[in-house]
Amino acid sequence: MSIKDNIISIKDEISDEVKLVAVSKTRSIDEIKEAYNSNQKVFGENKVQEIVEKYQLLPDDIEWHMIGHLQKNKVKYISNFISLIHSLDRISLATEIDKCAKKSNRNINCLIQLKISSEETKFGLDINAFEDFYANIQKFDNINIVGLMGMASFTKDHQKINDEFSIIKELFDRVRLRNSNLKILSIGMSDDYRIAINKGSNMIRVGSKIFGKRNY
Ligand SMILES: *Cc1c(COP(=O)(O)O)cnc(C)c1O
């Protein structure tokens, strides 16, 4: 199947309430153009240098999402164009995003990335630290917290993935009762987006199911 066929089949499968982020990390400009010409306008990348290069070469109406771990010293390269940062997980990073956003005269939309997986290597804020973090983050005038993001463990055990998504979904529902700005629940990737959507995801980040297997 072509990139276009893959996008059409995923969009056919999901409802209009679920936003598809095409994860284009490691993909060429031509591959991204093929997706773009199939009416896909939202792309996610995990490396600053790569997202900046692609932003410069591709059409202006693309919405660029930063989905990977973000270093403070690199925020300044994306703060003038980024549509959504999925990986806000520490106050020091928020301080820098807020500062760069002010300089660009913008408000930057961010998701708080939560650690829901039991795997050691995953980034994200500890669930137990959420309430303090969330209270603290309100002081930043140029950051809008618009939702939560999480990554489940890399496993074929659907029950385990489901349980991990439940943790973030419960928190999302609870916080949304007192703050209606929290609208986005970014969970689900190529191998688990169906489980995520069943849990209430409204933003999925899909790479290999659109573009084919990555080499790493
Ligand atoms: C690479 C990546 C994805 C997409 O992964 P696929 O399995 O290729 O769909 C989603 N989210 C994040 C944070 C990623 O780094």
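## Residue I167 in helix α7

In this predicted model, I167 is partly exposed, with a relative accessible area of 37%. The residue belongs to helix α7, which spans residues 158-178. Leaving aside residues up to four places away in sequence, I167 touches I116 and I127.

A further relation links I167 to S117: the two are 50 residues apart in sequence, yet their C-alpha atoms are 9.8 Å apart in space.

## Helix α6 and its buried face

Helix α6 comprises residues 130-137, and its buried residues are F130, F133, Y134 and I137. Viewed down the axis of α6, these buried residues fall within an arc of 95°, so they line one face of the helix. The general geometry of such a helix is relevant here. An α-helix has 3.6 residues a turn, so residues three or four places apart point the same way. On the other side of α6, the exposed residues are D132 and A135.

The buried residues of α6 pack against several elements. The strands among these partners are β4 (84-88), β5, β6 (125-126) and β7 (143-150); the helices are α5 and α7.

## The pairing of α6 and α7

Two packed helices are described by the angle between their axes and the distance between the axes. For α6 and α7, the axes come within 13 Å and cross at roughly 35°. The crossing of these helices is right-handed. From α6, the contact is made by F130, E131 and Y134; from α7, L171, R174, V175 and R178 take part. Of the α6 residues in this contact, F130 and Y134 also belong to the buried set of the helix.

## Helix α2 and its surroundings

Helix α2 covers residues 29-36, with I32, A35 and Y36 as its buried residues. Around the axis these residues cover an arc of only 100°, which puts them on the same side of α2. The elements against which the buried residues of α2 pack are α1 (3-13), β2 (42-45), α3 (48-57) and α9 (208-211).

E34 is also located in α2. With a relative accessibility of 34%, E34 counts as partly exposed, since that category lies between the 20% limit for buried and the 50% limit for exposed. E34 touches S2, I3 and K4, when residues up to four places away in sequence are not counted. Of these, S2 is 32 residues apart from E34 in sequence and 9.1 Å apart in space, C-alpha to C-alpha.

## The pairing of α1 and α2

Helices α1 and α2 pack with their axes 8 Å apart, at an angle of about 45°. That angle makes α1 oblique to α2. The crossing by which α1 passes α2 is right-handed.

Where do the two helices meet? On the α1 side the residues are I3, K4 and I7, and on the α2 side they are E31, E34 and A35. Two residues in this set have been described above: A35 is buried, whereas E34 is partly exposed.

## Residue D98 in helix α5

D98 is found in helix α5, residues 91-103. Is this residue buried or exposed? Its relative accessible area is 7%, so D98 is buried, as the cut-off for that class is 20%.

The side chain of D98 forms a polar contact of 2.6 Å with the side chain of K102. Beyond residues up to four places away in sequence, D98 touches F140, D141, N142 and I143. The last of these, I143, lies within β7 (143-150).

## Positive phi values in two loops

Two asparagine residues have a positive phi value, N39 and N105. N39, a residue other than glycine, has a phi near 70°. The residue is placed in the loop between α2 and β2 and is exposed, with a relative accessible area of 54%.

For N105, which is likewise not a glycine, phi is about 60°. N105 occupies the loop between α5 and β5 (108-115). At 72% relative accessibility, this residue counts as exposed.

Notes: Residues are numbered from 1 along each chain as its sequence is written. This is a predicted model: local features need pLDDT of at least 70, side-chain atom pairs count only at pLDDT 80 or more; totals for chains, interfaces and linings use all residues. Side-chain values use heavy atoms; hydrogens and water are left out. Buried means under 20% relative accessible area, exposed over 50%, partly exposed in between (1.4 Å probe, protein chains only). Helices (H or I, at least four residues) and strands (E, at least two) are DSSP runs, numbered from the N terminus. The arc is that of the directions from the helix axis to the C-beta atoms. Contact means heavy atoms within 4.5 Å. A polar contact is a pair of N or O atoms within 3.5 Å; within protein, one must be able to donate a hydrogen and the other to accept it, and residues adjacent in sequence count only if both atoms are side-chain atoms. Axes are lines fitted to C-alpha atoms, for helices over the stretch in contact, and angles run from 0 to 180 degrees between N-to-C directions. Angles under 35 degrees count as roughly parallel, over 145 as roughly antiparallel, 65 to 115 as roughly perpendicular and the rest as oblique. A crossing is left-handed if the near helix is turned anticlockwise from the far one by less than a right angle, and right-handed if clockwise.
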